[in-house]
Amino acid sequence: MIIVLFVIVLWYGGLFFQSFFLHRYAAHQVFTMSKTMERITFVLTWIFQGSSYLSAYGYGVMHRMHHAYTDTEQDPHSPSHDPNMFAMMWKTKNIYQDINKQRVEVDQRFTKNVPQWEAFDKFASSRFSRILWMALYVLVFVYFATAWWQWLLLPITFMMAPIHGVIINWFGHIYGYVNYQMKNTSKNLFRFDFLMMGEGYHNNHHKFASRANFGVKWYEVDMTYQIIRVLNALGVIQLKVVPVKK
């Protein structure tokens with residue numbers, strides 16, 4: 001079952017760096033880190049996201065826009081204004097690329113202090129880099145696949161980050177439960193978020209966007225936050241103290 005383990009590692013590894021680095025650090029800056037550690041994390045994000053690598057700058061800016069314009073026509077991704085998940089994600093892709101390649105003018109409030117490493121992003125986001133990772137994934141499947149059905153997992157490895165995105169940005173605004181009634185459709189997908197490492201507590205996050213811990217209830221265990229606590233205790237990062245609002 002090497003292939004299954006390989007896909008699981010890519011799923012949770014890519015998801016962790018999307019949540020830890022792109023979301024909580026780049027977009028919300030709930031903790032700080034040294035410049036050296038930031039560069040190391042850029043590289044680790046590329047390694048684990050591979051062919052679906054996302055830029056911290058493009059992601060961070062777009063996510064700030066999502067919070068500012070949630071469920072309005074200006075929201076980069078909202079089920080309220082797109083007919084299906086594929087249309088929403090295609091629009092999201094185009095907006096992300098426009099931001100990341102700086103083809104559109106963006107309000108300074110969305111770009112302030114968002115980490116950017118232009119030279120590395122240019123390489124990591126290049127067609128060459130993406131094809132290289134895809135070829136590597138194919139080789140892993142060629143050498144280790146033991147049943148035909150395992151090949152069905154190959155497209156997931158190619159599109160891991162967009163799949164993570166659609167789970168939260170589409171399903172996280174349609175299905176689930178709410179702890180807080182808000183003027184948007186955000187929902188918590190799971191009471192214990194085993195699948196998305198805390199990202200599934202989307203309603204909680206929209207209520208307390210500046211909190212490192214997305215869980216609120218005792219059973220809402222945020223696995224990414226638990227890792228953040230360990231990294232903070234080790235001095236790798238420095239958590240910001242944010243008062244909890246009631």
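This is a short talk on the salt bridges, a surface patch, one enclosed helix and one glutamine in this structure.

Hi everyone, and thanks for coming. Please keep in mind throughout that we are looking at a predicted model.

Let me start with charges. Side chains of opposite charge can pair when their charged atoms come close. How many salt bridges does a search of the whole structure find? The search gives 6, and I will walk you through some of them.

Take E199 and R24. They form a salt bridge, with their closest N and O atoms 3.7 Å apart. E199 sits in the loop between α9 (160-169) and α10 (202-207), while R24 belongs to helix α1 (residues 2-27), so this pair ties together parts that are 175 residues apart in sequence. Is E199 buried or exposed? E199 is buried, because its relative accessible area is 8% and the cut-off for buried is under 20%. R24 is buried too, at 1% relative accessibility.

R24 has another partner as well. Its side chain meets that of D222 in a salt bridge, at 2.7 Å from N to O. Here again distant parts of the chain are linked: R24 is in helix α1 and D222 is in the loop between α10 and α11 (223-233), 198 residues apart. D222 counts as buried, with a relative accessibility of 0%.

Now compare that with K91 and D82. This salt bridge has its closest N and O atoms 3.2 Å apart. K91 is partly exposed, at 25% relative accessible area, whereas D82 counts as buried at 12%. Going back to the earlier residues, R24, E199 and D222 are joined into one network by salt bridges that share partners.

On to the surface. Which residues form the nonpolar patch? They are I2, V138, L139, V142, Y143, F144 and W151, and together they have about 700 Å² of accessible area. Helix α7 (residues 127-144) gives the most to this patch, with 5 residues. An α-helix has 3.6 residues a turn, so residues three or four places apart point the same way. W151, for its part, is found in the loop between α7 and α8 (154-158), and at 38% relative accessibility W151 counts as partly exposed.

A word on annotation. The unreviewed UniProt entry lists residues 6-27, 131-151 and 157-178 under "transmembrane region". In the model, residues 131-151 are 67% helix and 0% strand, with the end C-alpha atoms 18 Å apart. Residues 157-178 come out at 55% helix and 0% strand, and there the end C-alpha atoms are 31 Å apart.

Next, helix α9. Why can we call α9 largely enclosed by the rest of the structure? Because 8 of its 10 residues are buried. Those are M160, A161, H164, G165, V166, I167, I168 and N169. And what covers them? The cover includes α1, α2 (35-49), α4 (85-100), α8 and α10.

Last stop: Q29, in the loop between α1 and β1 (31-32). The side chain of Q29 reaches the backbone oxygen of N113 at 2.5 Å. If we leave aside neighbours within four places in sequence, Q29 is in contact with R24, R64, K112, N113, V114, P115 and K240. So we end on a familiar name, since R24 is also the salt-bridge partner of D222.

That is my tour, and I am happy to take questions.

Methods
Residues numbered from 1 in each chain as written. Predicted model: local features only at pLDDT ≥ 70, side-chain atom pairs only at ≥ 80, totals over all residues. Heavy atoms only, no water. Salt bridge = Lys/Arg side-chain N within 4 Å of Asp/Glu carboxyl O. Helix = DSSP H or I, 4+ residues; strand = E, 2+ residues; numbered from the N terminus. Buried < 20%, exposed > 50% of the residue type's maximum accessible area, 1.4 Å probe, protein only. Patch = residues over 30% accessible without salt bridge, like charges linked within 9 Å, V, L, I, M, F, W, Y side chains within 5 Å. Areas by Shrake-Rupley, 256 points an atom, 1.4 Å probe, with all protein chains shown as cover. UniProt positions renumbered as here; feature names shortened; annotations may be inferred. Contact = heavy atoms within 4.5 Å. Polar contact = N/O pair within 3.5 Å; in protein donor to acceptor, adjacent residues only side chain to side chain.
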